[in-house]
Amino acid sequence: MAMSPEDENPVKAFGWAARDSSGHLSPFKFSRRATGEKDVTFKVLYCGICHSDLHNVKNEWGITSYPIVPGHEIVGVVTEVGTKVTKFKVGDKVGVGCMVGSCHSCANCKEDLENYCPEMILTYGVKYYDGTTTYGGYSDIMISDEHFVIKIPNNLPLDGGAPLLCAGITVYSPLKYYGLDKVGMHLGVVGLGGLGHMAVKFAKAMGLKVTVISTSPNKKKEAMDHLGADAFLVSRNTEEMELAVGTMDGIIDTVSAVHALLPLIGLLKTNGKLVMVGAPEKPLELLAFPLLMGRKMVGGSGIGGMKETQEMIDFAAKHNIVADIEVIPMDYVNTAMERLLKADVKYRFVIDIANSLKPF
Ligand SMILES: [Zn+2]
Ligand SMILES: [Zn+2]
């Protein structure tokens, strides 16, 4: 018989879990493994709420096994390290993002692309090597192999820094890989949510000209005055779109609803790149001819490897980049999920775990 989550491992833990596809989260007792020789254990201080947490607690991707403790934008302070840990010590500020394991021997792993390892182990909701379930950051403590732990520089605020571990790296990695990181380049950012607002901040820090592309003009003032975008394009305004044709070196497309790609491809210069980081559920229409005429490319990107994630965090600390957040107490999480569903947040909820997660 399978052991209960409370008895599976020696270290007592508690957090909030969803028990069924209602997605409703409530207090949950479970356990974590003892600190192994390569492990870092830390007290969780903050955890961001990612849109994929919402999909997972409601089993919208059909892969959820309950109970599930979500959360993969986790930051805190190290409380214990294993005997063979070299990078961390007790008291260090650290973070864990979307993954806690990979094979370390495949072609992807050898290139620091653990995120594309076929055996990558997600931070929550899957089986770890020892057969126990991985639980995420909506919990009091976290443990991970040091390879998957990120060092958080002292000057980076932990609350606003937490969302960098998923939302930040998701947009930073494609900017680097697709070469859209050169001073003076013109970047379009489609959608101004958790991912989009991070893309604007990173691209601006890299010295790019940034145009936010949105379906409605509502966010124009916010995008330009607050986030520092250089221009704003309303995708429904054909005149505005017409004027911007052929002006962009690249576009980061964060939209996860079905939308038209053709007008976006039209905005690209010759050799321009349209990079998808959102994941619409249904296929999008892609005509080849507009790609041929201008040698344009449509690509994708998913989070980033550990080396690059550390590089991203260090870059963020250097340039004072954090996510715009609304800090919430643990018991607000179900309301936060409802609001997230309606995109009613600027731009990321972050749970104040240390001050509001109460043992029961
Ligand atoms: Zn995420
Ligand atoms: Zn691998």
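## Exercises on a predicted model

An open sheet of six strands runs in the order β12-β11-β10-β13-β14-β15, and its pairing is parallel. The model is a predicted one, so let's read it step by step.

**Exercise 1. Find which strands form the edges of this sheet, and how far neighbouring strands are turned against each other.**

Solution. Start with the pairing rule: two strands pair if at least two bridges are found between them. The edge strands pair on one side only, and they are β12 (231-234) and β15 (297-300). Then look at the turn from strand to strand: ignoring direction, neighbours in this sheet are turned by 20 degrees on average.

**Exercise 2. Work out how many bridges join β10 to β13, and which residue of β13 stands opposite Val 189.**

Solution. Locate the two strands first: β10 covers residues 186-190 and β13 covers residues 248-253. They run parallel and are joined by four bridges. Now go to Val 189: the residue opposite it in β13 is Ile 252.

**Exercise 3. Decide how helix α4 is oriented relative to helix α10, and describe their contact.**

Solution. Take the axes first. Those of α4 (residues 167-177) and α10 (residues 306-318) come within 10 Å and cross at roughly 100 degrees. Angles of 65 to 115 degrees count as roughly perpendicular, so α4 is roughly perpendicular to α10. Next, list who takes part: α4 brings Gly 168, Ile 169, Tyr 172, Ser 173 and Lys 176, while α10 brings Glu 308, Thr 309, Glu 311, Met 312 and Phe 315. Sorted by class, the residues of this contact are four nonpolar, three polar and three charged.

**Exercise 4. Characterise the largest cavity: its volume, its lining and the strand that gives the most to that lining.**

Solution. Begin with the count, which is two cavities of 30 Å³ or more. The largest holds about 130 Å³ of space. Its lining has 15 residues, and those nearest the centre are Arg 32, Arg 33, Thr 133, Thr 134 and Ile 143. Turn to the strands: β2 (25-32) and β8 (141-145) each supply at least two lining residues, and β8 gives the most, with three. By class, this lining has five nonpolar, seven polar and three charged residues.

**Exercise 5. Do likewise for the second largest cavity: which residues line it, and what are their classes?**

Solution. The volume comes to about 60 Å³. Around this second largest cavity stand Gly 97, Cys 98, Met 99, Leu 165, Ile 169, Ile 303, Gly 304, Met 306 and Thr 309. Six of these lining residues are nonpolar, three are polar and none is charged. As a last step, look back at the helices: Ile 169 and Thr 309 line this cavity and also take part in the contact of α4 with α10.

Notes. Residues numbered from 1 in each chain as written. Chains lettered and ligands numbered in written order. Predicted model: local features only at pLDDT ≥ 70, side-chain atom pairs only at ≥ 80, totals over all residues. Heavy atoms only, no water. 1 Å grid on protein atoms, 1.4 Å probe; cavity = no way out; pocket = protein on both sides within 12 Å on 5 of 7 lines; lining within 4 Å. Points joined across faces, edges and corners; volume = space filled by probe spheres on them. Nonpolar A, V, L, I, M, F, W, Y, C, P; charged D, E, K, R; others polar. Axes fitted to C-alpha atoms, helices over the stretch in contact; angles between N-to-C directions. Parallel < 35°, antiparallel > 145°, perpendicular 65-115°, else oblique. Contact = heavy atoms within 4.5 Å.
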